[in-house]
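Let's take a walk through this structure together, one neighbourhood at a time. Keep the model open beside you as you read.

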Amino acid sequence: MVLAVPSCRTCYLARPPRLGFIIRPPHQLLSLLLGPRLRILRLSILCAQPRPRSMAISSSSWDLPLVAVCQVTSTPDKQQNFKTCAELVREAARLGACLAFLPEAFDFIGRDPEETLRLSEPLGGKLLGEYTQLARECGLWLSLGGFHERGQDWEQTQKIYNCHVILNNTGSVVATYRKTHLCDVEIPGQGPMCESNSTIPGPSLEPPVSTPAGKIGLAICYDMRFPELSLALVQAGAEILTYPSAFGSVTGPAHWEVLLRARAIETQCYVVAAAQCGRHHEKRASYGHSMVVDPWGTVVARCSEGPGLCLARIDLNYLRQLRQHLPVFQHRRPDLYGSLGHPLS
Ligand SMILES: O=C(O)CNC(=O)[C@H](CS)NC(=O)CCC(=O)C(=O)O
């Protein structure tokens, strides 16, 4: 049997292929060809933004904000981790990104809870100071996806928060979100994870943050398994959901892409997920595969296993049109399942 594909001009099925290499302006091409660092980075750019022809916009896609997603292998060596992240952030700035995303535990990954606590710092500490300088020097926004934070209650609790920090392009902290769902799981073959040994769950969600790329809803890694959180963020106005992560090597191949694409499709948001990859120390490895998913559910940029970065353009007109064409938020039934079904404000 042959399935007919409707040929109507506004039909999403009839759109041109969704993936393609971007054609870069000459200075970016030069940077790609000549940038010595890029030879050691795996750079993948899959972000031609396809849309129905009826949705063609007059401005070129070069006007759309470009975001960079950085993938690293953090170790217990904080100074080395900073060097690696800073190199990627500088590369992102050279390539024209206005915002760079770093993964959960970009600062370090400790061997045990003792080491994790010993290496942690307050938000006002030396490491965040270095990132403030970096954001200022590069003139770009940073999503620092999971900082091991000694909070105000450190003296009493001797435990930390897993804190997602947003810095603007002058290096000021504009938002913080402390991971609310802690990963205490035992998956055969992956080694037990017990985040609550060192970490206190955050008390609240953070309202989406306005950035040059759009309104960002903040979450961290294991939070992606709770669609209630993503619905709450989109109801509060999020256009981009972020899941900086250090996903395990067993759950990664099975769940990572499926969960991220599901969150994008059901919320009709862009999803940006910067990931840890590779072996951090003798006891721990992460899955990698950082990606950007568009509100249709297409992966528009992705890294592979190793350290590097990928880039995507964020098209909020596309997001708005999609929400008009497929108005799921107007079809929800809060009478059946409570406040999670309230329409978008
Ligand atoms: O430990 C640190 O220093 C930073 N925190 C993490 O890496 C956390 C807790 S161990 N990792 C996850 O949430 C992975 C979730 C995951 O793999 C899944 O949901 O399948």
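A good place to begin is the pairing of β4 and β5, which run antiparallel and are joined by six bridges. Within that pairing, His148 has Asn162 of β5 as its bridge partner. Please keep in mind that this is a predicted model. Strand β4 also pairs with β3 (residues 99-102), here in the parallel sense and over four bridges. If you would like a landmark for that pairing, look for Leu99, whose bridge partner in β4 is Trp141. β4 is mostly covered, with nine of its nine residues buried.

What packs here? One element to look at is helix α4, whose buried residues pack against α2 (78-94), β4 (141-149) and β5 (161-167). Helix α4 covers residues 126-138, and at 1.5 Å a residue its 13 residues should span 18 Å; the end C-alpha atoms lie 19 Å apart, in agreement with that. Its buried residues are Leu127, Leu128, Tyr131, Leu134, Ala135 and Cys138. Viewed down the axis of α4, these fall within an arc of 110 degrees, so they line one face of the helix. The face turned away from this buried side carries the exposed residues Lys126 and Gln133. Just after α4 comes Gly139, with a positive phi of about 65 degrees.

Now move across to α2. This helix has 17 residues and reaches 24 Å from its first C-alpha to its last, close to the 24 Å expected at 1.5 Å a residue. Its buried residues are Asn81, Cys85, Leu88, Val89, Glu91 and Ala92. Seen down the axis of α2, they fall within an arc of 160 degrees, so they too line one face of their helix. On the other side of α2 you will find Gln79, Gln80 and Lys83, which are exposed. The cover over the buried residues of α2 includes β2 (66-71), β3, α4, β4 and β17 (308-313). After α2 comes Gly96, where phi is positive, near 100 degrees.

Let's turn next to the ligand. It is surrounded by 16 residues, the closest being Cys183, Tyr222, Ala246, Gly248 and Thr251. By class, this shell has eight nonpolar, five polar and three charged residues.

Two of those closest residues, Gly248 and Thr251, come up again when we look at Gln190. Leaving aside neighbours within four places in sequence, Gln190 is in contact with Gly248, Ser249, Val250 and Thr251. You can find Gln190 in the loop between β7 (184-185) and β8 (193-194). Is Gln190 buried or exposed? It counts as partly exposed, because it has 15 C-beta neighbours inside 10 Å. As a further point of reference, Gln190 and Pro244 are 54 residues apart in sequence, and their C-alpha atoms are 19 Å apart in space.

One more stop is a hairpin formed by β15 and β16, with five residues between the strands. Strands β15 (residues 291-293) and β16 (residues 299-302) run antiparallel and are joined by three bridges. Val293 has Val299 in β16 as its bridge partner, and Gly297 in the turn has a positive phi of about 105 degrees.

Finally, step back to the whole protein. Its secondary structure comes to nine helices and 17 strands. Of its 345 residues, 41% count as buried. Among contacts between residues at least 6 apart in sequence, 71% join residues at least 24 apart.

How values were computed: Residues numbered from 1 in each chain as written. Predicted model: local features only at pLDDT ≥ 70, side-chain atom pairs only at ≥ 80, totals over all residues. Helix = DSSP H or I, 4+ residues; strand = E, 2+ residues; numbered from the N terminus. Expected span 1.5 Å × (residues − 1). Buried ≥ 20, exposed ≤ 12 C-beta atoms within 10 Å, placed from the backbone. Arc of directions from axis to C-beta. Contact = placed C-beta atoms within 7 Å. Pairing = 2+ DSSP bridges. Near = placed C-beta within 6 Å. Nonpolar A, V, L, I, M, F, W, Y, C, P; charged D, E, K, R; others polar.
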